[in-house]
Structures are given as C-alpha cells and as structure tokens.
Amino acid sequence: MQSQIYLIPSVLEESETETIAPYIIDAVKKCQVIFAENERTARRFLKSVCKEIVIDDYEWFTIHKAESEVLHSFRQKIKDGKNVAIISEAGCPGIADPGQILVAAAQEMNATVKPLVGPSSILLALMASGMNGQQFEFVGYLPIDNLERNKAISALENASLKKNSTQIFIETPYRNNQLLENLLKICNPSTRLCIAAELTGPNEFVKTKTI
C-alpha cells in the first residue's frame, strides 16, 4: 500500500476551531503516524477539533527541525506504507515551518503528498492588506541585529518599489514595537505598511497605512 502524507493545517488561535474544516479531521483519522512540530500543542489541537480522536492510537514523532534520526523514521514509515500526518505549530505545514524538510523527503520517495486547506497567517494578511497579491515575497523573520535589520528593511523597500511587489515578513511579539520604530524611521513617508495581528481571533487587527 502506498503511503499518503497529509499536511494538516492547525489553528492560529486556539479557541477558533471553526477555521478547521471537517475534511481535515477525516484525513487525520486515515493516518497511523503523526509528525508534529510540537507534540503537546498538536495533541491539544486534535482534542479541541474532535473529541472522538484517540490520541494515543497514533505513533508520535517530534520534528525538531527534521534532524537525521527523524528523517530516517519518516522515510521508514513511508516504506512501511503508513499514512502520515504532518502538523505544524500554527497554520499550514511547510510554510515557514520545519515540516517542509519532511515533505521534500516524501516527494523524493514518490509518496503521495496531500496539502489540505486551512488558515495561513501569511496569506490571510496578504488578502486583507489591499497590497499586490499578483507579485509578492515572503521573507520570514528579519535579522535580530539592529544594523542588519535596518539594512534588510531598506532592501525590502527598494525591492518593493522596483518590482511593484508586496514584501511579507513576521516578527515575535516581544520585538514588535522595536520593529515598528525601525520601519517608521527608515521607510519613505509614501511607503505603505500593513500590520496584521491575531488573525482569526476575537482581537484580529489588520490595517494598511502609509508610513
């Protein structure tokens, strides 16, 4: 039997389980093995979306940025013909997520990879921004070092102007205010900035303004 690899989207906000479609739960029920970015979070997520799922019926592996032994175990499950679920910490597996390395291995082994529709903060922010959705780039986290971050901001602004493209990046909450200060100091007054926070949650915030 050929292995099926299901990419299981998870909630962005723990309480917003309605963002997970029923067919995602059906896919989890077809699996025997789960590779999760964070096993504890993934167990809590599955229990919140479906009370009847027996969590301990699954064989669990933690991705740990797909170290060699995890990749070896993943490849072995494919060879054994097992159906595998990959679950990221939040959003969609493989997008700003270590699960991408497992998906690459599945593709190399000619396993069937099934991406499932679910919330992605990156795409939701782009959709609500009013910015160019025809040409955009996701650049992940900006550098932590202040000088390097300032250089990166200038480079992103120049690329946006040159290509008429949207530049998307993410930041951890405790660095948000510092990042915002840098953006306001460095960017041109006419440059548009969209801030999207707590997407899908009760305090969702999306605003696009010029600097």
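A cavity is taken here as a set of grid points where a 1.4 Å probe fits but cannot get out, and its lining residues are those with an atom within 4 Å of a point. In this predicted model, the count comes to one cavity of 30 Å³ or more, and the largest cavity has a volume of about 30 Å³. Its lining is made up of S10, N38, T41, A42, F45, I87, S88 and E89. Sorted by class, these lining residues comprise three nonpolar, four polar and one charged, and the largest share of the lining, three residues, is contributed by helix α2, which spans residues 39-49.

Helix α2 also takes part in the charged contacts of the model. Eight salt bridges are present in the structure, and in one of them R43 is paired with D56, with the closest N and O atoms 3.0 Å apart. Because R43 lies in helix α2 whereas D56 belongs to the loop between α2 and β3 (59-62), this pair ties together parts that are 13 residues apart in sequence. The two partners differ in their accessibility class, since R43, at 25% relative accessibility, counts as partly exposed, while D56, at 62%, counts as exposed. The pair is moreover part of a network of salt bridges in which E39, R43 and D56 are linked.

A further salt bridge joins the side chains of E59 and K77, with an N to O distance of 3.0 Å. Here E59 is located in strand β3 and K77 in helix α3 (residues 68-79), so that the contact ties together parts that are 18 residues apart in sequence. With a relative accessible area of 33%, E59 is partly exposed, whereas K77 is buried, its relative accessible area being 11%.

The side chains of E171 and R175 likewise meet in a salt bridge, at 3.2 Å from N to O. Buried residues are those under 20% relative accessible area, and both partners fall in this class, E171 with a value of 14% and R175 with a value of 13%.

At the surface, a nonpolar patch is formed by L123, M127 and F136, which together have about 330 Å² of accessible area. Among the members of this patch, L123 is found in helix α5, which covers residues 121-129, and it counts as partly exposed because its relative accessibility is 43%.

Key: Residues numbered from 1 in each chain as written. Predicted model: local features only at pLDDT ≥ 70, side-chain atom pairs only at ≥ 80, totals over all residues. Heavy atoms only, no water. Patch = residues over 30% accessible without salt bridge, like charges linked within 9 Å, V, L, I, M, F, W, Y side chains within 5 Å. Areas by Shrake-Rupley, 256 points an atom, 1.4 Å probe, with all protein chains shown as cover. Salt bridge = Lys/Arg side-chain N within 4 Å of Asp/Glu carboxyl O. Helix = DSSP H or I, 4+ residues; strand = E, 2+ residues; numbered from the N terminus. Buried < 20%, exposed > 50% of the residue type's maximum accessible area, 1.4 Å probe, protein only. 1 Å grid on protein atoms, 1.4 Å probe; cavity = no way out; pocket = protein on both sides within 12 Å on 5 of 7 lines; lining within 4 Å. Points joined across faces, edges and corners; volume = space filled by probe spheres on them. Nonpolar A, V, L, I, M, F, W, Y, C, P; charged D, E, K, R; others polar.
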